[in-house]
Amino acid sequence: MTDPDVRRLIEGMAEQANRFAASMQNLTGEGADDAGLVRATCGASGRLVDIELAAETRRMQTYELREAILAAVGRAADAASANLADVVAQLTQGADAYGTDAVRQAREQVAQYQRLVDAQRDKLEQLRVNLG
Amino acid sequence: MGDFAVDPDDVRLHGRTLGTTVADDYAHKADEIARDAVVEPPGFGIALSPAEAIYIQRVEFLVKDVQGAADVCRQIGAKLGVVADQYERAEDLHVSGFGGTPASVSGFADAYGRTGVAQLAQDPGVLATAAASITLVEIGAILGSMSACAALCPTFIIGVAGAVLFVANPVGIAQAGADLIRHGDQLQKALNANFDKICSAATGTWKGQGKDSFVIMATKLKAHLDELGAYIHTLGEALHSLEIALSGLWLALGAMTAPFLIWLIAMRAAELVPGAAVVLEPIIEATGAVVAGSVTTIIAAVASLGGLVLAVINGLAKDFLKLMALPDDGVKGTPDLTEFHVGENFA
């Protein structure tokens, strides 16, 4: 019963979804403090996955190090979120990549159906006129 | 009484044709309309059930009208038989008045019996069962896809709830519509034309006031029968429009639901990646709301059209039975031939 075109569409969607999921796993964002002594890497969820401390940080006071780490991690999380947004934008707006766009398709169907209903409405109005 | 001339056998012959062949054609047509107008469940669907109720009522009236046409033809056939007998009886009186031997003449009961009135047995129980399963299966599949969409995206539930109200039987509606258009055309172009032809033939050798009254009555009746055929045709056209709207509705729903469902599945799969759900969820809900809005928009359109269909069907109201009834002020419904002015001395 599955139409070949529908099957190809489903297979294309599945492939895109798998690729998207894989890219999400590798998706990270990096950030550093103002001095560049602390470099952090966050995953798509904002989870800290890596942090690098320069040798100079050994001479920093603990409160200074704290501020640097917080700044670096915060920027890394922001970068990861921005990267994620880019990927999602590709996913949701890449109509060509998916062969279709659900929202655009829905709006096209509404316009097409409205034309169909208008034609039938004209016909029914004529029938009413003919009935007198 | 004016000048008249008549061939009683000719009048009787055509009266018999009207009372049997033509009347039976109308009776069979009534049976066919009653059978073919049936739309199997789910019919017009829940939302359009008021229109379906009016439709069923109108079909019943129109079927009775066509059956009434058959009855009227039988009555006319019987009356023409009596007319022929009356003319013959007059001639026999003249024959016997001059010492001749009058021919035996049958009474009204015989004349009425020859019209086939005893063949009124109908078989209304033969109602066809429309095989509309294919489209209903397709509708079921689309509704299943929509339900899956709603499961993946709760904001789409409103779209499913609206669509359920329009689960109908488009194939059955289309078939009934096509049949009614065909029956309406056949009534006008075949049965009514045949009625007109036989009535004209019945007056071919007939001259006088009785013939003139008969022609006036037959002309009026033919006009009502043509209008009745036009009503049945219009009812079929209304069903045709409804079927186009309902089929278009489900085709549109299917066209927008399939890619949306696939998109939803892909998005939900992507959400399995840690952290993605937070970003994707608002997108999914927003998209679901837009698609559900599209569904409700086209549902509103078909509901509006359904109202117009109801108005058209509701407008097909005319008391054809009363219009077609022959004047009859005889005893217990027995035609007394006053409308034909044959002559009171021979009744």
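Two strands are counted as paired when DSSP finds at least two bridges between them. The model shown in these views is predicted.

**Figure 1. The hairpin of strands S2 and S3 in chain A.** Strand S2(A) and strand S3(A), the latter covering residues 48–53, pair in the antiparallel sense over 5 bridges. The two strands form a hairpin with 4 residues between them, and within the turn A:Gly46 has a positive phi of about 95°. Two of the bridge partners can be followed across the pair: A:Thr41 has A:Asp50 as its bridge partner in S3(A), while A:Cys42 has A:Leu48. As for its surroundings, S2(A) is largely enclosed by the rest of the structure, because 5 of its 6 residues are buried.

**Figure 2. The hairpin of strands S1 and S2 in chain A.** Strand S1(A), residues 28–32, and strand S2(A), residues 38–43, are also linked by antiparallel pairing, again over 5 bridges. Between S1(A) and S2(A) lie 5 residues, and in this turn A:Gly36 carries a positive phi of about 75°. Along the pair, A:Thr28 stands opposite A:Gly43 of S2(A), and A:Gly29 has A:Cys42 as its bridge partner in that strand. A:Cys42 is thus met in both hairpins, with A:Gly29 as a partner in one and A:Leu48 as a partner in the other.

**Figure 3. Chain A along its sequence, with a view of A:Glu108 in helix H4.** Chain A contains 4 helices and 3 strands, which follow one another from the N terminus in the order α-β-β-β-α-α-α. Of the 132 residues in chain A, 29% are buried, and of the contacts in this chain between residues at least 6 apart in sequence, 66% join residues at least 24 apart. Is A:Glu108 in helix H4 buried, exposed or partly exposed? A residue needs 20 or more other C-beta atoms within 10 Å to count as buried and 12 or fewer to count as exposed; A:Glu108 has 15 and is therefore partly exposed. The C-alpha atoms of A:Glu108 and A:Val49 are 44 Å apart in space, with the two residues separated by 59 residues in sequence.

**Figure 4. The contact between chain A and chain B.** Chain A contributes 39 residues to this contact and chain B contributes 41 residues. On the side of chain A that touches chain B, the elements giving two or more residues are helix H1 (4–26), helix H2 (62–93) and helix H4 (102–131). Which of the elements gives the most to this side of chain A? H4(A) does, with 19 residues. Sorted by class, this side of chain A comprises 23 nonpolar, 12 polar and 4 charged residues.

**Figure 5. Chain B and its helix H1, which has a kink.** Chain B has 9 helices and 0 strands, so that its elements, read from the N terminus, run α-α-α-α-α-α-α-α-α. Buried residues account for 47% of the 347 residues in chain B, and among its contacts with a separation of 6 or more, 89% are between residues 24 or more positions apart. Helix H1(B), residues 8–36, has 29 residues and spans 40 Å from its first C-alpha to its last, close to the 42 Å expected at 1.5 Å a residue. Within H1(B) there is nonetheless a kink of about 30°, which is centred on B:Leu18.

**Figure 6. The largest nonpolar core, with a view of B:Leu249.** This core has 118 residues, and those with the most contacts inside it are B:Tyr26, B:Cys73, B:Leu249, B:Val302 and B:Val309. Its largest share, amounting to 26 residues, is supplied by helix H7 of chain B, which covers residues 209–271. Which residues does B:Leu249 touch, not counting those up to four places away in sequence? They are A:Tyr113 in chain A together with B:Phe166, B:Ile298 and B:Val302 in chain B.

Methods:
Residues are numbered from 1 along each chain as its sequence is written. Chains are lettered from A and ligands numbered from 1 in the order in which they are written. This is a predicted model: local features need pLDDT of at least 70, side-chain atom pairs count only at pLDDT 80 or more; totals for chains, interfaces and linings use all residues. Two residues are in contact if their C-beta atoms, placed from the backbone, lie within 7 Å. Ala, Val, Leu, Ile, Met, Phe, Trp, Tyr, Cys and Pro count as nonpolar, Asp, Glu, Lys and Arg as charged, and the others, Gly among them, as polar. The expected span of a helix is 1.5 Å times one less than its number of residues. The bend at a residue is the angle between axes fitted to the seven residues ending there and the seven starting there. A nonpolar core is a set of buried Ala, Val, Leu, Ile, Met, Phe, Trp, Tyr and Cys residues joined through C-beta atoms within 7 Å.
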